[in-house]
Amino acid sequence: MGEARTSVLAPAAEQWDYGDFPYGLEPLVIPPCGYGVVATVQPADLLAVYEVERASIDAEPARDGVKPSSSDALYWFRWITGHQVTFLLWHLMGAHVKAIAAGRSADEATLTSLESYTHGYSTMLGYSGSCPVEVYQTLIRPRLYLQHRGFSGLWAADFAPLRRLLRGHEQPWMTGPAGARLAAAIATNLSAHEALADRLVSGGKSLLQERAPDTVVRPSARTTALFDNLFVTLRAPVDRDTVIAQLFRRLRAVRLDLVTNRLDPAGSDEDWTFDVLRRVVASALTDRERLPS
Ligand code: HEM
């Protein structure tokens, strides 16, 4: 008894068995207590959120919105919120892919939604990663490293069902002009990811690639939790309307940010970004009616 107690309180370095490496973190799963999980948007708010979204998209942008308190605050917001939008887009894409696998036809509206969301994902790569290289190297990458030294996009749970599609393997159901447009959107997305990685990290090496082979960790429930946790994402059974409402809320915030702070002082294609966001909203509203839950 005394011995076990001693080893728990004072483990020798070689006995470290917490996390994937000494001082690595472990996700905590804890029962709800007190106030429970905070949901910021209820499905009933969806239409109200959409009305504001549509009005703000149609309005002439005012470029004098609230400024962030610091450059770190701005780029951390973009890093986290851009990823959250991406997760929501992947989720909607995954629902389409699942429905097609279950026998629903990949009609033009479906292929168009998949194309809009893929472009949406590409704009979010540009948005999340719009920071100067120095900010990525001193603010963002060190946080990923501290979360896990092999932190990787491979751990994104919502991406997993889309891996084949988004790696550019053409699917038999990608037919006709709408199928070709989806294939082109995927090719653009792959180039956007590569260009972003090269811009932010010379040589484009991820933390995972830098650490290999000493800390290669395969995707698991544990890596999903570590990944989700960095991006302030909890898992709970919420319905499609709640997914779409959370998407619109974030798109509105992204738009307000872009209108106020611009995407990139060097002048990236902001008009394209706004156009894509409009298309994402239109597709999500169509999907709200027709995508099976
Ligand atoms: C803006 C945010 C980013 C998102 C949403 C993102 C997303 C992803 C996803 C989903 C994967 C898995 C791809 C697959 O399985 O086919 C991945 C892998 C990868 N990403 Fe990113 N990525 C981002 C930024 C970056 C950056 C800045 C780098 C710079 C090094 C990078 C480098 C890589 C590499 C090398 C891989 C291959 C797997 C690995 O080594 O971790 N990504 N990324």
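These legends go with a handful of close-up views of a predicted model.

**View 1. The whole protein chain, helices and nothing but turns and loops between left aside, is counted as 11 helices and 0 strands.** Reading from the N terminus, the order of elements is simply α-α-α-α-α-α-α-α-α-α-α. The protein chain has 293 residues, and 42% of them count as buried.

**View 2. Here is the ligand in its pocket.** The ligand takes up the space of the largest pocket. Helices that each put two or more residues into the shell around the ligand are α3 (71–101), α4 (108–128), α5 (133–147), α7 (176–200) and α8 (207–211). If you want one helix to look at, pick α7, which gives the most to this shell with 4 residues. Sorted by class, the shell around the ligand comes out as 12 nonpolar, 8 polar and 4 charged residues.

**View 3. Now we zoom in on the residues that come nearest to the ligand.** There are 24 residues around the ligand, and S152, R163, R167, H193 and S206 are the ones that come nearest. Three of the side chains are worth a look for their distances to ligand oxygen atoms. For S206, an N or O atom of the side chain is 2.5 Å from an oxygen atom of the ligand. S152 has a polar side-chain atom 2.7 Å from a ligand oxygen. For R163, the distance between a polar side-chain atom and an oxygen atom of the ligand is 2.9 Å. With the cut-off for a polar contact at 3.5 Å between N or O atoms, the S206 pair at 2.5 Å makes the list, the S152 pair at 2.7 Å does too, and so does the R163 pair at 2.9 Å.

**View 4. This one shows the largest nonpolar core, a set of 64 residues.** W173 and L247 are the members that touch the most others in this core. Two or more residues come from each of α3, α4, α5, α6 (163–166), α7, α9 (221–230), α10 (240–261) and α11 (270–290). Helix α3 gives the most to this core, with 14 residues.

**View 5. The last close-up is on L88 and L247.** L88 has its place in helix α3. Is L88 buried or exposed? The relative accessible area of L88 is 13%, so L88 is buried, given that buried means under 20%. Along the chain, L88 and L247 are 159 residues apart, yet their C-alpha atoms are separated by 6.3 Å. L247 should look familiar, since with W173 it touches the most other members of the largest nonpolar core.

Key
Residues numbered from 1 in each chain as written. Predicted model: local features only at pLDDT ≥ 70, side-chain atom pairs only at ≥ 80, totals over all residues. Heavy atoms only, no water. Near = heavy atom within 4 Å. Polar contact = N/O pair within 3.5 Å; in protein donor to acceptor, adjacent residues only side chain to side chain. 1 Å grid on protein atoms, 1.4 Å probe; cavity = no way out; pocket = protein on both sides within 12 Å on 5 of 7 lines; lining within 4 Å. Sits in = over half its atoms within 2 Å of the grid points. Nonpolar A, V, L, I, M, F, W, Y, C, P; charged D, E, K, R; others polar. Core = buried A, V, L, I, M, F, W, Y, C linked by side-chain atoms within 4.5 Å. Buried < 20%, exposed > 50% of the residue type's maximum accessible area, 1.4 Å probe, protein only.
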